[in-house]
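Please examine the following model with attention to its ligand and to the elements of secondary structure discussed below.

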Amino acid sequence: MNAVATPVPAAVEIVALTKRYAPGTPAAVDQIDLRIASGSYCCLLGPSGCGKSTTLRMVAGHESVTSGDILLDNRNITNLPAAARGTAMMFQSFALFPHLSATDNVAFSLKMKGVGKAERQKRAHDLLDRVAMGHLAERKPGELSGGQQQRVALARALITEPRVLLLDEPLSALDPFLRIQMRAELRRWQKELGLTFVHVTHSQEEAMALADTMVVMNHGVIEQVGAPHAIYNHPASEFVARFMGGHNVFDTPAGPIAVRNDHMRIAAVDGAATHGLAAKVTDVEYQGTYVLLGLALDAAAPGRQSVSVLLGEAAFLASPYSPGDSVRLSWAEADARTLGPGVKPPGQRSAATATTPAGALRDDTAAIAMTL
Ligand code: ADP
Ligand code: MG
């Protein structure tokens with residue numbers, strides 16, 4: 001159908017990668033190690049300021065490295081210029097030139113490289129065909145839908161024949177409906193092209209929907225790496241459990257644990273329920289398939305913020321709850337996940353050890369005995 005070479009994906013390896021923007025300041029990225037499998041969809045996830053974009057920009061060659069190495073299929077690219085790395089970047093809201101046609105947007109980097117007009121137009125057309133946009137090649141971005149613009153941006157990134165596509169919050173400026181459509185399309189293209197995608201996002205929902213591998217970052221370091229279901233079912237730290245959402249964190253004599261809100265057991269206090277944590281329902285939110293209950297624990301200590309319980313619609317309707325109801329909360333021991341300490345903010349951790357022994361972070365809260 002067209003003459004575009006099938007791109008060859010590459011594995012990305014990051015070794016002790018560090019970025020310090022100014023001497024004496026905390027590292028924005030602090031000695032991270034990461035291996036991203038060739039042809040996989042990897043999402044770097046974490047709150048604003050945790051070092052996601054800095055990491056991506058160092059891989060792209062748009063930011064210098066303070067120390068450490070970046071390898072593409074075992075080739076050290078740490079000091080190569082951006083254009084020589086085999087990576088390409090796709091930016092927020094696609095960043096297309098509004099005054100240029102789709103073809104000229106896609107051909108732009110070839111023009112910069114001095115490729116002749118006939119050749120660059122042909123290659124741009126071939127790529128637009130590949131993303132099913134050949135018939136709209138002469139339109140300007142303003143004459144294209146959001147989805148069509150994304151495909152043009154994808155073709156533009158692919159024209160340099162990258163082996164790794166880097167995406168920095170490509171969907172975050174879109175309205176929610178388009179964002180969900182576009183992420184499904186990104187996922188489809190990644191599978192179809194077979195390329196390695198590294199996608200930065202602060203949305204756990206987006207990362208879970210897209211990623212083969214999720215990398216949860218906090219304070220310039222990696223808290224946890226794994227498949228979305230593995231992280232959701234076994235969050236490594238309180239930070240990860242809270243950031244992923246859908247979990248309650250409790251303190252126990254053995255340390256903090258997380259319990260998924262759909263694994264919580266709830267019973268009305270009507271004489272039958274005599275064990276578990278006493279709590280009051282504060283909010284009832286009908287969500288269709290599920291009903292989300294917000295609760296406040298009677299004792300302040302164990303769950304230091306409000307607790308939630310997610311019930312199936314049928315279960316809720318069979319025994320409904322209202323705000324103000326007194327209940328007891330419990331869970332099966334098999335559903336409790338022991339949490340590690342996670343990382344401290346820079347300045348509070350020593351250079352030698354980024355983590356502290358389990359429990360060392362917990363002296364702010366009295367451990368309580370749980371009756372389950
Ligand atoms: P994220 O993409 O996860 O929101 P960034 O990688 O942009 O985080 O930023 C990580 C940290 O580095 C933040 O503290 C941020 O303020 C700082 N930072 C980012 N870019 C620069 C820069 N060009 N100069 C100085 N500090 C920066
Ligand atoms: Mg960023």
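In this predicted model, an oxygen atom of ligand 1 lies 2.5 Å from an N or O atom in the side chain of T54. The side chain of S53 takes part in a further contact of this kind, with one of its N or O atoms 2.8 Å from an oxygen atom of ligand 1. On the side of the ligand's nitrogen atoms, one is 3.3 Å from an N or O atom in the side chain of Y21. Taken alone, ligand 1 exposes 560 Å², and 56% of that area is buried by the protein.

The shell around the ligand consists of Y21, A28, P47, S48, G49, C50, G51, K52, S53, T54 and R57. By residue class, this shell comprises four nonpolar, five polar and two charged residues.

Several of these residues lead into helix α1, which spans residues 52-60. K52 and T54, both in the shell around ligand 1, are among the buried residues of this helix. How many of the nine residues of α1 are buried? Seven are, and the helix is accordingly described as mostly covered. Besides K52 and T54, the buried set contains T55, L56, M58, V59 and A60. The helix is followed by G61, whose phi is positive, near 90°.

Strand β3 covers residues 41-45. Why is β3 described as largely enclosed by the rest of the structure? The description applies because five of its five residues are buried, that is, each has under 20% relative accessible area. Both faces of the strand are covered, with Y41, C43 and L45 buried on one side and C42 and L44 buried on the other.

The pairing of β3 involves two further strands. With β8 (residues 196-201) it runs parallel, joined by five bridges; in that pairing, C43 has H199 as its bridge partner. With β9 (residues 213-218) the strand β3 is also parallel, here through four bridges, and the bridge partner of C42 in β9 is T213.

A separate description applies to an open sheet of three strands, ordered β11-β12-β18, in which the pairing is antiparallel. The edge strands of this sheet are β11 (247-252) and β18 (337-338), each of which pairs on one side only. Between β11 and β12 (residues 255-260), the antiparallel pairing extends over six bridges. One of the residue pairs concerned links D251 with P256, its bridge partner in β12.

How values were computed. Residues are numbered from 1 along each chain as its sequence is written. Chains are lettered from A and ligands numbered from 1 in the order in which they are written. This is a predicted model: local features need pLDDT of at least 70, side-chain atom pairs count only at pLDDT 80 or more; totals for chains, interfaces and linings use all residues. Side-chain values use heavy atoms; hydrogens and water are left out. Buried means under 20% relative accessible area, exposed over 50%, partly exposed in between (1.4 Å probe, protein chains only). Helices (H or I, at least four residues) and strands (E, at least two) are DSSP runs, numbered from the N terminus. A residue is near a molecule or strand if one of its heavy atoms lies within 4 Å of it. A polar contact is a pair of N or O atoms within 3.5 Å; within protein, one must be able to donate a hydrogen and the other to accept it, and residues adjacent in sequence count only if both atoms are side-chain atoms. Accessible areas come from the Shrake-Rupley method with a 1.4 Å probe; for residues, only the protein chains shown count as cover. Ala, Val, Leu, Ile, Met, Phe, Trp, Tyr, Cys and Pro count as nonpolar, Asp, Glu, Lys and Arg as charged, and the others, Gly among them, as polar. Two strands pair if DSSP finds at least two bridges between them.
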